[in-house]
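Biologist: I have not looked at this one before. Can you take me through some of its contacts?
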Amino acid sequence: MNQDIDLGIWTRCLKVLSEMDKKKGTDGTEPGPAPSRAVDRFGFIKPEQGNSPDGIPKGKSIHEREREERRIRKWRKMIGVGGNDWKHYVRRNPHVVKRRIRKGIPDCLRGLVWQLISGSRDLLLMNPGVYETLVIYETSASELEIIRDISRTFPSHIFFQQRHGPGQRSLYNILKAYSVYDRDVGYVQGMGFLAGLLLLYMSEEDAFWLLVALLKGAVHAPMEGLYQAGLPLVQQYLSQFEKLVIELMPKLGQHFVEEMINPSMYASQWFITVFSYSFPFHLTLRVWDVFLYEGIKVVFQVGLALLRLCHDDLVKLPFEKLLYALRNFPQEATDPDVLLPLAFSFKVSSRLEELQKEYQKRQEGTSETSSGERLQPLVSKTMSRVGSRVVSNLTTADRK
């Protein structure tokens with residue numbers, strides 16, 4: 001199997017999004033909430049049968065409640081009133097902040113902390129009235145596409161179930177506003193899961209600016225390449241991930257080669273939605289806590305940890321069963337208290353930088369090769385008259 005992600009990878013990624021469509025429902029109807037069915041503490045309707053994990057213990061002891069209250073008090077002291085003390089505390093105690101975020105942000109403070117660590121609060125304060133203008137006065141070429149996809153985002157969550165209800169309206173407003181704000185990116189379906197997740201923890205306008213902070217890179221590297229034409233950043237990330245699997249889990253990496261499995265077949269949505277699609281919600285939240293503070297490396301780390309936890313089973317499976325297993329991890333592998341400590345044990349930052357440089361160098365070489373091939377007919381006609389200098393000049397001009 002070619003270790004480089006081929007240029008047709010974006011079509012497979014789009015196919016993943018199409019499969020997400022089918023799985024979430026494509027009949028265009030949005031059922032209303034079902035009040036007779038129980039919901040978990042996050043607002044998702046529980047299945048009528050089976051034991052679907054929602055990350056909630058059946059009941060907390062007095063000791064556990066007291067420990068949680070102490071944890072919340074520590075976070076409130078760290079943040080200050082309205083987040084006023086946050087930056088000062090981070091400068092003074094970066095290791096404490098990192099450790100506490102990795103343990104999980106208290107749910108009652110999650111929305112505020114996400115805004116603080118992403119840099120979106122600053123964007124909001126610097127751009128008064130911009131979101132309202134985008135929603136009310138601007139039009140988007142993606143409006144019909146957004147409307148079509150609204151009911152496919154977290155369809156089992158009560159906030160998004162009502163047709164044209166407050167959840168769907170807010171989600172539409174955010175996605176439409178961003179498609180106008182950044183017309184180069186516009187709208188891609190995977191963005192709905194990011195916006196939908198944010199809406200569960202903050203207001204429309206706050207969620208919009210956090211989406212801007214992520215895609216434009218207010219704190220970490222911009223994510224917009226995940227959604228641009230050709231999905232260039234997805235191609236890069238999958239190439240890096242494939243190399244990491246081969247280096248860190250060579251037996252599994254070799255099995256993937258033999259079964260002709262590459263990351264585009266199972267990991268595209270990990271990067272496109274940052275684990276907000278098809279994974280238990282309590283795990284998604286813990287991943288997002290760390291992702292917003294430490295950056296995209298956590299997606300690589302969590303992906304590697306999933307493979308490591310299931311390694312012994314995966315290496316025994318033939319193609320079809322292997323692909324199914326990579327898209328449906330067992331409950332025990334998605335327990336954040338088991339998965340995340342293992343994920344953090346993978347020290348990948350330096351290696352990711354090296355792999356990024358290697359990938360970009362290969363892309364530049366591929367681009368130059370393609371340019372040379374396009375210019376060959378012209379070169380053959382002029383070589384006898386002006387010599388090899390023409391080749392150099394034309395190739396340089398083509399790159400420009």
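Biologist: Is Asp182 buried or exposed?
Modeller: Asp182 counts as buried, at 5% relative accessibility. Buried means under 20% relative accessible area, exposed over 50%, and partly exposed in between, with a 1.4 Å probe and protein chains only. This is a predicted model: local features need pLDDT of at least 70 and side-chain atom pairs 80 or more, while totals for chains, interfaces and linings use all residues. Residues are numbered from 1 along each chain as its sequence is written, and side-chain values use heavy atoms, leaving out hydrogens and water.

Biologist: Which side chain does Asp182 meet in a salt bridge?
Modeller: That of Lys216, at 2.9 Å from N to O. A salt bridge here is a side-chain nitrogen of Lys or Arg within 4 Å of a carboxyl oxygen of Asp or Glu.

Biologist: Where do the two sit?
Modeller: Asp182 is in the loop between H10 and H11 and Lys216 is in helix H12, 34 residues apart. Helices are DSSP runs (H or I, at least four residues), numbered from the N terminus. Lys216 is partly exposed, with a relative accessible area of 36%.

Biologist: How many salt bridges are there in the whole structure?
Modeller: A search finds 15. One of them pairs Arg102 with Glu294 at 2.8 Å, N to O. Arg102 belongs to helix H4 and Glu294 to helix H16, 192 residues apart. Both residues are buried.

Biologist: What about Arg183, which partner does it have?
Modeller: Arg183 forms a salt bridge with Glu138, and their closest N and O atoms are 3.8 Å apart. Glu138 is partly exposed, at 31% relative accessible area.
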